[in-house]
Amino acid sequence: MGTPHRRSLTLPLAAALLLVTVRLGCSCDVWVDSGTGIDSESCGPLGMACRRIQQGVDKTPPGGTVCVSGVFQDCPRNGYLARISTNISLRGTGDVGATVDCNGVGAGVFFGQGIGRVSISGFHFWNASGSEAGGILAMGVRELSIGSSTFNNCNGTHAGGAAILGTGDGPAVVQLNDLQFYNCHGQEGALAGGAGGLLIGYSGPTTLSNKTHSLTNVSAIGCTGGKNAPGGGGGGGVGGGGGGG
């Protein structure tokens, strides 16, 4: 009678361990943790997390995923905490995701020109301030997804929270889900529109037939935009601006 009892305990445990291994091993290529991570040549695997987001980004292969947890405050003055120039995903993990608090001296994440597909989710930006955008700036990204993130007290020229900028004739797929902007501010007179929370804008003559925009549960509270925005996209919450010839 003892043997069947031992089997009933062992089999579910083995299945549970296998499930955890599959979930953790396949979904994240590089791990970053501000509290326990250490930047080194060998950092990145589960149990050997990097400390800085940029370190994790630099070690992630194209198409890979960086899983990020903790609070990050090492934003460079007048720069971005992380600069991304290849197709990767940033994912905030844990119970509360990843928090970036720039203390008003720097900006959050920059996605560079010409990237094919990137995504970021589970991030919370606080007190970020940039010359273009406080929380996220994406320039010329062909496919961009931002999800389950908040922007708090962020400031920028084009947009306080997030600015998505591209060329008028280039293709674009933008998916935005579950985003909240609180007390974000765009500067007056901004060429691209000066939206308080979020701006999607294109330079030059704009072709809309090759662009797809999907916004779900995107809200802004207490945000202000530029009053004299020649690009036509200013506003407190969400703005859109198109270029001229």
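Visitor: Which residue in β2 does Trp31 stand opposite?

Guide: Trp31 faces Cys67 in this predicted model. The two belong to a parallel pairing, in which strand β1 (residues 30-33) is joined to β2 by 4 bridges.

Visitor: What kind of unit do β1, helix α2 and β2 make?

Guide: Together with helix α2 (residues 53-58), the strands β1 and β2 form a β-α-β unit that is right-handed.

Visitor: How many bridges join β2 to strand β4, and how many to strand β5?

Guide: Strand β4 (residues 89-92) runs parallel to β2 and shares 4 bridges with it; there, Thr65 stands opposite Ser89. Strand β5 (residues 98-101) is also parallel to β2, with 3 bridges, and Val71 has Thr99 as its bridge partner in β5.

Visitor: Is strand β2 mostly covered or mostly open?

Guide: Here is a general idea to keep in mind: side chains in a regular strand point alternately to one face of the sheet and the other. As for β2 (residues 65-72), the strand is mostly covered, with 6 of its 8 residues buried.

Visitor: Now to backbone angles. What is the sign of phi at Asn103?

Guide: The general idea first: for most residues other than glycine, phi is negative. Asn103 is not a glycine, yet its phi is positive, at about 55 degrees. Asn103 sits in the loop between β5 and β6 and is partly exposed, its relative accessible area being 47%.

Visitor: Where is Asn217, and what is its phi?

Guide: Asn217 is found in strand β17 (residues 211-221). Its phi is positive too, near 55 degrees. Asn217 is partly exposed, with a relative accessible area of 48%.

Note on methods
Residues are numbered from 1 along each chain as its sequence is written. This is a predicted model: local features need pLDDT of at least 70, side-chain atom pairs count only at pLDDT 80 or more; totals for chains, interfaces and linings use all residues. Side-chain values use heavy atoms; hydrogens and water are left out. Buried means under 20% relative accessible area, exposed over 50%, partly exposed in between (1.4 Å probe, protein chains only). Two strands pair if DSSP finds at least two bridges between them. A crossover is right-handed if, with the strands pointing away from the viewer, the path from the first strand over the helix to the second runs clockwise.
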